[in-house]
Amino acid sequence: MVIGARKYHFGVSHRRGRLSGMGLDWTNQPSLFKVYSGLDFIDLPRQADLPEVSLWSAMQPGATGALGAEGLSAVLFHAAGLTRSNAQRGGEFFYRACPSAGALYPCEIYLAWPGGDGLDAGVFHYDVARHGLTPLRTGFPDPKSLGLPERTAVQGEAVFFVTGIFFRNAWKYRARAYRYLNLDAGHVVEGLALGLGAYRTAHAVETDFDDAAVARLLGVDPSREGCLSAVRFSAHAGGQASGPGPLPEGVSGASRCALADTVPEEVLAVHEACARLERAQAAAPAVEHSRLGRGLIWHGLPGLPPPPERKHLFEAMSTRRSRRAYANTPLAGGVVSRLLLSLSGPLGHPAGHGAEDACLVGLLAGEPVQLLTGFSMLDRHGQRSGLRRDGNIVPVMAGICLDQLWMRDAAMHVLFFVDFTELELCLGDRGYRSSLQAAGRLGHRLYLAAESLGLGACGVGAFFDAEAADVLGLPEQAGMTYVVSLGVPRKG
């Protein structure tokens with residue numbers, strides 16, 4: 001089956017009376033934790049002196065430091081670790097630092113470490129349940145062998161690889177799973193990037209790499225699990241690491257998460273299409289020159305005094321959760337300024353790379369506080385908005401999002417879009433993956449900004465696609481990919 005990203009996206013669109021998911025087979029529920037039986041295990045320290053920096057400070061570029069083992073543990077935990085649990089009928093439910101569609105948690109984190117600070121050079125899997133590392137290989141790979149672009153040499157470079165296990169999402173979401181999988185990956189990647197930023201560790205997010213080479217390095221079964229993103233960072237290295245050693249026998253079997261884990265052919269086909277590496281030919285157009293922003297009248301957003309922050313970044317990461325009970329109360333102007341400022345920082349791609357602006361951002365505001373009431377496009381770099389449609393359509397979006405009526409009480413919705421007409425020109429099908437992950441990354445910042453300011457946030461990836469395009473007046477071949485609602489939590 002051959003299917004490009006554009007055909008896939010619109011082919012799995014939700015319509016009233018026709019949703020991709022068709023009930024859950026609880027007898028074949030996938031495991032939420034990947035475990036390598038019989039391999040060694042390295043405990044990571046659970047206590048660390050955490051930098052007390054804000055989300056907005058961690059976003060700032062220009063970090064030059066290197067990460068040690070204690071910081072490595074803190075970054076992994078606050079990006080994906082188990083933050084609390086709740087007893088439920090049939091077992092215990094674990095909350096994690098990162099949100100996930102349907103609480104399915106399809107993403108896994110691997111680490112290529114150059115050696116140093118008490119941890120030998122090697123390739124490791126991060127065991128979320130036990131908060132530790134499972135060694136898979138000794139030695140360290142040559143980044144060029146993985147198709148990673150050449151960058152200015154970083155002393156002691158290390159790499160996080162974020163993968164997705166396809167069936168964990170497809171069990172519930174069927175063919176639409178690849179959309180949620182990449183949104184989830186974006187949340188995990190942003191958690192890693194912000195943690196590194198908090199430690200002032202030099203890092204870069206990579207979307208260009210050889211998928212097959214990375215799968216061989218990690219020992220995953222490419223028919224069940226694929227790498228979606230990589231985060232390179234500076235580490236405290238000690239000595240010169242050799243090339244990677246052999247994998248233990250049978251490790252690819254750990255990619256299986258259920259007895260019957262057949263992945264929909266549409267998911268495998270679009271992943272294959274997105275795996276084709278097409279180096280960026282040009283940057284995506286700036287929002288004011290894009291099809292969604294062209295011709296709009298742009299107004300700068302006033303920089304109102306920010307409200308006090310109730311939590312620093314790592315506190316927000318460890319207490320973050322999806323909050324849906326809103327008080328139907330407008331947000332103060334300074335709060336809106338702070339929320340939108342969380343979207344302004346760069347995503348850490350190389351200068352001029354199309355992935356930096358692979359997704360477009362829109363705003364739905366119910367009350368005329370700082371933002372024009374209605375649907376506006378956001379220039380997140382320039383902190384400007386351009387009105388596309390007047391009127392309060394926040395309640396309408398609740399109906400579009402599968403009639404989730406709690407969304408009516410949100411103060412605002414932040415919307416994310418992909419425009420295939422423009423994106424394919426610079427990134428090809430791979431740009432679809434970049435666009436979805438960028439939406440997840442920016443959505444993660446909104447979650448943490450809301451948590452830091454005492455607000456509620458909840459991401460939504462399920463909606464009636466054609467209705468959204470019609471109500472918002474999107475041009476043909478452009479679609480909505482993600483919605484993050486924000487509001488004042490209801491008391492009691």
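**Salt bridges and one helix pair**

Let me start with a group of four: D221, R224, R256 and D261 are joined in a network of salt bridges. This is a predicted model, and the count of salt bridges in it comes to 27. Side chains of opposite charge can pair when their charged atoms come close. I will go through three of the individual pairs, then turn to two helices.

The first pair on my list is R433 and D211. Their closest N and O atoms are 2.9 Å apart. Where do R433 and D211 lie? R433 is in helix α12, and D211 is in helix α6, which covers residues 211–218, so this salt bridge ties together parts that are 222 residues apart in sequence. Both R433 and D211 are buried.

Next, D379 and R384. Here the salt bridge has its closest N and O atoms 3.0 Å apart. Are these two buried or exposed? D379 has a relative accessibility of 9%, so it counts as buried. R384 has a relative accessible area of 25%, so it is partly exposed.

Then there is D409 with R490. Their side chains meet in a salt bridge at 3.7 Å, N to O. D409 sits in the loop between α10 (394–400) and β14 (412–419), while R490 is in the segment after β16 (478–487), so the pair ties together parts that are 81 residues apart in sequence. As for accessibility, D409 is at 23% and therefore counts as partly exposed. R490, at 47%, counts as partly exposed because of that value.

Now the helices. We have already met α12 as the home of R433. Helix α12 spans residues 430–453, and its partner here is helix α5, residues 177–198. How do the two axes meet? They come within 7 Å and cross at roughly 55°. That angle makes α5 oblique to α12. The crossing of α5 past α12 is right-handed.

Which residues make the contact? On the α5 side they include Y178, R179, N182, L183, H187 and E190. On the α12 side, R433 is one of them, and others include Y432, L436, Q437, R441 and H444. Sorted by class, the contact of α5 with α12 has 11 nonpolar, 8 polar and 5 charged residues.

One residue appears in both halves of this talk. R433 pairs with D211 in a salt bridge, and R433 is also among the α12 residues that meet α5. If you want one place to begin in the structure, you could look there.

Conventions:
Residues numbered from 1 in each chain as written. Predicted model: local features only at pLDDT ≥ 70, side-chain atom pairs only at ≥ 80, totals over all residues. Heavy atoms only, no water. Axes fitted to C-alpha atoms, helices over the stretch in contact; angles between N-to-C directions. Helix = DSSP H or I, 4+ residues; strand = E, 2+ residues; numbered from the N terminus. Parallel < 35°, antiparallel > 145°, perpendicular 65-115°, else oblique. Left-handed = near helix turned anticlockwise from the far one by under 90°. Contact = heavy atoms within 4.5 Å. Nonpolar A, V, L, I, M, F, W, Y, C, P; charged D, E, K, R; others polar. Buried < 20%, exposed > 50% of the residue type's maximum accessible area, 1.4 Å probe, protein only.
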